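Here's a quick tour of a few spots worth a look. Have the model open and follow along.

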Amino acid sequence: MDNRTEILDLRTALEVLRGIEGQLIETDTAVDPEAELSGVYRHVGAGGTVMRPTKVNGPAMIFKNVKGHPDVSVVIGLLASRERVGILLGCEKENLGKLLCECALHPVMPEVTEEEAPCQEVIYRAEDPGFDLFKLIPAPTNTPVDAGPYITMGMCYATHPDTGLSDVTIHRMCIQSKDELSIFLQPGSRHIGAMAERATELNQPLPISISIGVDPAIEIGSCFEPPTTPLGYNELSIAGAIRRQPVKLHKCVSIHENAIANAEYVIEGEIAPGVKVVEDQNSHTGFAMPEFPGYNGHASNECWLIKVKAVTTRKNPIMQTVIGPSEEHVNLAGIPTEASIYNMIHKALPGKVTNVYAHPSGGGKYMAVLQCRKTVHTDEGKQRQAALLAFSAFPELKHVILVDEDVDIFDSRDVLWAMNTRFQGDRDIITIPGVRCHPLDPSSIPEYAPSITDGGMSCKTIFDCTAPFHLKEHFVRAQFMEVDPGKWLK
């Protein structure tokens, strides 16, 4: 079944899941958004790098009775199962990376519509009496030590002051006051950051819309990173290709920017030029929120400030959120990572890598498993070239595991089988020390190893678990009779 032209908003996605057993559960039991909501979902379907015990591949969950927020629901875990992502994007789960690769190569640009936008059924302006983000936005905290309520699934949309080109990305944002958000923009890594820096150079605010509760194609497409999507590439065009029709945008009510028309919530505001805030200024815990490696992120003292001008919503809106280290983050970050790696390797070494998997243990960023094909003796060594290309395609990647075609890259037991039977540490480990990687890796600090001269540097490592071509016949797996087991399982 191909749902790509049918699922054009969050509500349709939820209706599709309601029709599939085991994919969605709903509860009317009251829940506190402060840590309790995430604490519940940890056991229902968080997975990823969340502290055990947690459940992998559990259903998505809708909380219909959120304390302090009447007439509002919160959905979590929509994309926390790769199978569920496949259902919502109309694609086999094993081929999601290839689908996104194809869509990134054939984008469909978004369009601004003059029609009434669902996201503007209700309008709250910052100058209105009683305007308060804490009351309007049911943003949860992930843990009791979070800096505050976090918006974790906000599609941040802005336009470069010089080029006029727009882009969408996802960043962590914390509600700081009744009309202020902090936004963490990692220096030099994402497009909105470059826009904010340029606006600051011009001493002008950067208008930004934050659309929450959109369709899965937009959420997945928004997570691509350079070099696959360089500055000026609008990732909403990838969503358009997945959906086979343009994403509709609508003019904001209080700023000169567009928002995603099908969103449940839109926060409209401006990034203040050059203003930096302490992320935990209200909680003073020293922490931000748990990040994808599974550890609590340290609160930043250099977050940018968003001055909110308005909030618009649908009637009875549905808030969408994600647990930072959950399987949902793995899929959001990892599937675009797979697409980026597959795209670059396919261009340079066509046919030599048949699939890529961004492994959950790396949060979708740190580890990739490459399924390699060797058909002639000159293919030996190209698998290691492919690993080097993977590091170029996704600079935050730390580890690459290479396996043969007969290994199921989505089955960790099979990958470790290859490591145990086709790998010798003294000849099959290739290390590249002192390379910039990702600052959230807690081992990437100078105190950890002499090769790390600055925080965020790592030793990138290739684990070549492929059988040497000249010994290929020595590594043939036991062959079983091909049968249809259905005859015996009736």
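Helices here are DSSP runs of H or I with at least four residues, numbered from the N terminus. One of them, helix α10 (residues 382-393), supplies the largest share of the lining of the second largest cavity, namely three residues. Keep in mind that this is a predicted model.

So how many cavities of 30 Å³ or more does a search of the whole structure find? It turns up two. The second largest has a volume of about 40 Å³. Around that second largest cavity sit Lys352, Val353, Cys372, Arg373, Lys374, Asp379, Lys382, Gln383 and Ala386. By character, the lining of the second largest cavity splits into five charged residues, three nonpolar and one polar.

Next, two residues to set side by side. Is Leu249 buried or exposed? Leu249 counts as buried because its relative accessible area is 3%, and under 20% is the cut-off for that label. Met481 counts as exposed because its value is 71%, with over 50% being the cut-off.

| Residue | Location | Relative accessible area |
|---|---|---|
| Leu249 | strand β12 (residues 248-251) | 3%, buried |
| Met481 | loop between β23 (457-464) and α13 (486-489) | 71%, exposed |

Met481 also has company on the outside: together with Val483, Trp488 and Leu489, Met481 makes a nonpolar surface patch of about 540 Å².

As for Leu249, try pairing it with Gly455: C-alpha to C-alpha, Leu249 and Gly455 are 39 Å apart in space, and 206 residues apart in sequence.

Definitions and conventions: Residues are numbered from 1 along each chain as its sequence is written. This is a predicted model: local features need pLDDT of at least 70, side-chain atom pairs count only at pLDDT 80 or more; totals for chains, interfaces and linings use all residues. Side-chain values use heavy atoms; hydrogens and water are left out. Patches are made of residues with over 30% relative accessible area and no salt bridge: like charges are joined within 9 Å, nonpolar side chains (Val, Leu, Ile, Met, Phe, Trp, Tyr) within 5 Å. Accessible areas come from the Shrake-Rupley method with a 1.4 Å probe; for residues, only the protein chains shown count as cover. A salt bridge is a side-chain nitrogen of Lys or Arg within 4 Å of a carboxyl oxygen of Asp or Glu. Helices (H or I, at least four residues) and strands (E, at least two) are DSSP runs, numbered from the N terminus. Buried means under 20% relative accessible area, exposed over 50%, partly exposed in between (1.4 Å probe, protein chains only). On a 1 Å grid over the protein atoms alone, a cavity is a set of points where a 1.4 Å probe fits but cannot get out, and a pocket is an open set with protein on both sides within 12 Å along at least five of seven lines; lining residues have an atom within 4 Å of a point. Grid points are joined across faces, edges and corners, and a volume is the space filled by probe spheres set on the points. Ala, Val, Leu, Ile, Met, Phe, Trp, Tyr, Cys and Pro count as nonpolar, Asp, Glu, Lys and Arg as charged, and the others, Gly among them, as polar.
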